[in-house]
Every structure is written in C-alpha cells, then in structure tokens.
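Q: Got a minute to go through a model with me? I'd like to look at the loops first, then the surface and the pockets.

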Amino acid sequence: MAGDYQRIVDLDTETSGVSKPDYWQDIFNQYVGVEDNQRYLLVADLAGETVGFALGEVRAWEFGSPPCGWVFGLGVTADVREHRVGSVLVQAMFSHFRSDGVASVRTNVSRRDTLNLSFFRSLGMTAGPYVQLEFSLDDDDGAVL
Amino acid sequence: MKIQKSTTFALFAVLELARDPEVQLATGEIAEAYDISVHHLAKVMRQLVRAGLIQSVRGAGGGYKFSANPNRITLYDVVALFEDNLASDFEVSGASVGTGIGRALQMVGDEIEDLTRATLQSITLTTLLRHAARAEAAPTPVEIREAVLESDLEPLT
C-alpha cells in the first residue's frame, strides 16, 4: 500500500512534471480500500514495476447530468508508451463503469494536449454534450458583466 | 469557417488510400466513388504527393498509394495543406479592429478557431477510418425504414 502510493506519486511526477504527494494521499484515502463507492484507481504493473495508472469515478447529477463515468487521471511511463497500456487501463475503467450501470463516459483534456486528445479519440470518444467554460479570476476587476 | 472543395476532396482521397496502404487507386476511381470532379481531384492529388502523404505509381495500372503513417497523420495535417487559416468568418479589419465590439467579436472568432484546430489535430486518419467502418456497418435511415415496414407490427397484447 505504501509502496503503491510512492510508485504512483513518482509515475505521476514523471508523466505530468509536477509532484503532488498531498493530492495522491487524498486520492488513496478516498479511492483505495473503500468498498462499492464507484471510485477506481487502476494500476498497471509490468514485472513488479508500476507502469501506468487510471483514475475514475461515477458522478451523478452534476449540472443535471445523469450518472456518468469520468476518467480524470491517466499516466503511462514513457518506456511503455504505444504498447496499449493506456488503452487497457481505460478499457478496464469502462468495464467498471458498465458494471455500475452507467451509459456514458467523459473525460476532460486540454485542447493543447493533442497526445491525450488523440488517444481518447482513438478509443472512440467524441465531443460530449457539455461545453466547459472558464473564468480568469486574475484578470477580473470584480465587475460582473 | 468554410471548408474549400479541395480540402474535402483531399480528405476523401487520403482516407480512401489510407484504408489499405498496399492498394493503389487511380484518380478516376476515387472521383467516381465520391462523385467529384476528376480534373479538380487531379490537382489535389499532385499537392498531396508534394506533401508526402501519397505517392504516384507509374506504369500500367498505376495510380496513387498512401505513403505516410495513418496513426500519426491527423485531419489537421491534410486540412492545413489547403486552408490558409481556420479563422471564423468575422471580417474584423480596418477601423473595426480598434473598437470594443470588433475586439470582442475577434475573441469569439479566435475561440472558434482554437476549438476547430484542436478537433482536427486530435483525429488521426486511423481514428476516422474506424468511425467510417462503424458508419458503414450501421444501417442507413432508408434501410431502417424498410426493415420496419417489412416487419410484422403486431399490437402488444
């Protein structure tokens, strides 16, 4: 368990370039060893080495959306990219979501991240019915339009 | 954004050839399959050859073959050969550029352009061909209607 935690933190640091031990501690507390909460942290091991992870959960009624699976974290070490590790992880996540009875899966990818956008597209994912909007608080002078 | 005919023709041709890199097709065969101008397509094919996406095969039974990696080439790579920019159709220029309305419209145009580019850059030829195979396997609206008409529509009892 402690070893898993450190391997995931290291892998995430390698793939995202940002170390976030507190975030992962929080994820482990909520997602690992908790029964039937429709939250999943899937890990791909290769010869005892952690080479990938996928993070997902079922969310319901956010902005009126019926229950839906969300994949919101994915990392595969550079050494094994293009060996379908990411596909296997995400397909396994889809299977969990199917067992949970949800009919669709969503994810959120930066439009500049063409690598991951292409990856999710290759799995058959297309633009969803929701549009993500953002407001920059830094530029805001406090006035409401 | 208005997609030019050349762009659509190029996508038809590249995708048709990428289905099977071993197969070679003549311009006429592709034009016939998509009901498009052979003359116009011939010009497009020459540009695709120059871009290295397809190659010309000489001799009897010659034509064109796909010569790139369909897992790497995206729709954007093809579109960008024929479209100067992906900007939306707001014509904000001259004095209007300096106005608040002009700048706000330009921001909307930039947002549309950004989304268009991200969409095209994220769809590889392989991904699109997978969608195409699924679409080809699915019944057409006419087939669905005919199947329904042919079925016994017994009332539920």
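Q: Where does Asp35(B) lie?
A: This is a predicted model. In it, Asp35(B) lies in the chain B loop between α2 (27-34) and α3 (38-50).

Q: What about its phi?
A: Asp35(B) has a positive phi of about 55°, although it is not a glycine. Most residues other than glycine have a negative phi.

Q: Is Asp35(B) buried or exposed?
A: Asp35(B) counts as exposed because its relative accessibility is 72%, and the cut-off for exposed is over 50%.

Q: Over to chain A. Which loop holds Trp61(A)?
A: Trp61(A) sits in the loop between β2 and β3 of chain A. Trp61(A) has a positive phi of about 65° and is not a glycine.

Q: And is that Trp61(A) buried or exposed?
A: Trp61(A) is exposed, with a relative accessible area of 58%.

Q: Now the surface. Which residues form the nonpolar patch?
A: The patch is made of Phe90(B), Ile101(B), Leu105(B), Val108(B) and Ile112(B). Together they have about 420 Å² of accessible area.

Q: Where does Val108(B) lie?
A: Val108(B) is in helix α5 of chain B.

Q: Why does Val108(B) count as partly exposed?
A: Val108(B) has a relative accessible area of 38%, so it falls between the 20% and 50% cut-offs.

Q: On to pockets. How much space lies in the largest pocket?
A: The largest pocket holds about 1700 Å³ of space. It is lined by 45 residues, and the closest to its centre are Thr107(A), Asn108(A), Tyr130(A), Val131(A) and Gln132(A).

Q: Which elements give two or more residues to that lining?
A: In chain A, they are α3 (85-99), β4 (105-107) and α4 (114-122); in chain B, α5 (100-122). α5(B) gives the most, with nine residues.

Q: What is the lining of the largest pocket by class?
A: The lining has 23 nonpolar, 11 polar and 11 charged residues.

Q: And how much space lies in the second largest pocket?
A: The second largest pocket has about 1400 Å³. Its lining counts 46 residues, with Leu115(A), Asn116(A), Ser118(A), Phe119(A) and Phe120(A) nearest the centre.

Q: Which elements give two or more residues there?
A: From chain A, α1 (2-16), α2 (21-31), β2 (49-59), β3 (68-76), α3 and α4 do. From chain B, α6 (125-137) does.

Q: How many polar residues are in that second lining?
A: The second largest pocket has 22 polar residues in its lining, along with 15 nonpolar and nine charged ones.

Conventions: Residues are numbered from 1 along each chain as its sequence is written. Chains are lettered from A and ligands numbered from 1 in the order in which they are written. This is a predicted model: local features need pLDDT of at least 70, side-chain atom pairs count only at pLDDT 80 or more; totals for chains, interfaces and linings use all residues. Side-chain values use heavy atoms; hydrogens and water are left out. On a 1 Å grid over the protein atoms alone, a cavity is a set of points where a 1.4 Å probe fits but cannot get out, and a pocket is an open set with protein on both sides within 12 Å along at least five of seven lines; lining residues have an atom within 4 Å of a point. Grid points are joined across faces, edges and corners, and a volume is the space filled by probe spheres set on the points. Helices (H or I, at least four residues) and strands (E, at least two) are DSSP runs, numbered from the N terminus. Ala, Val, Leu, Ile, Met, Phe, Trp, Tyr, Cys and Pro count as nonpolar, Asp, Glu, Lys and Arg as charged, and the others, Gly among them, as polar. Patches are made of residues with over 30% relative accessible area and no salt bridge: like charges are joined within 9 Å, nonpolar side chains (Val, Leu, Ile, Met, Phe, Trp, Tyr) within 5 Å. Accessible areas come from the Shrake-Rupley method with a 1.4 Å probe; for residues, only the protein chains shown count as cover. A salt bridge is a side-chain nitrogen of Lys or Arg within 4 Å of a carboxyl oxygen of Asp or Glu. Buried means under 20% relative accessible area, exposed over 50%, partly exposed in between (1.4 Å probe, protein chains only).
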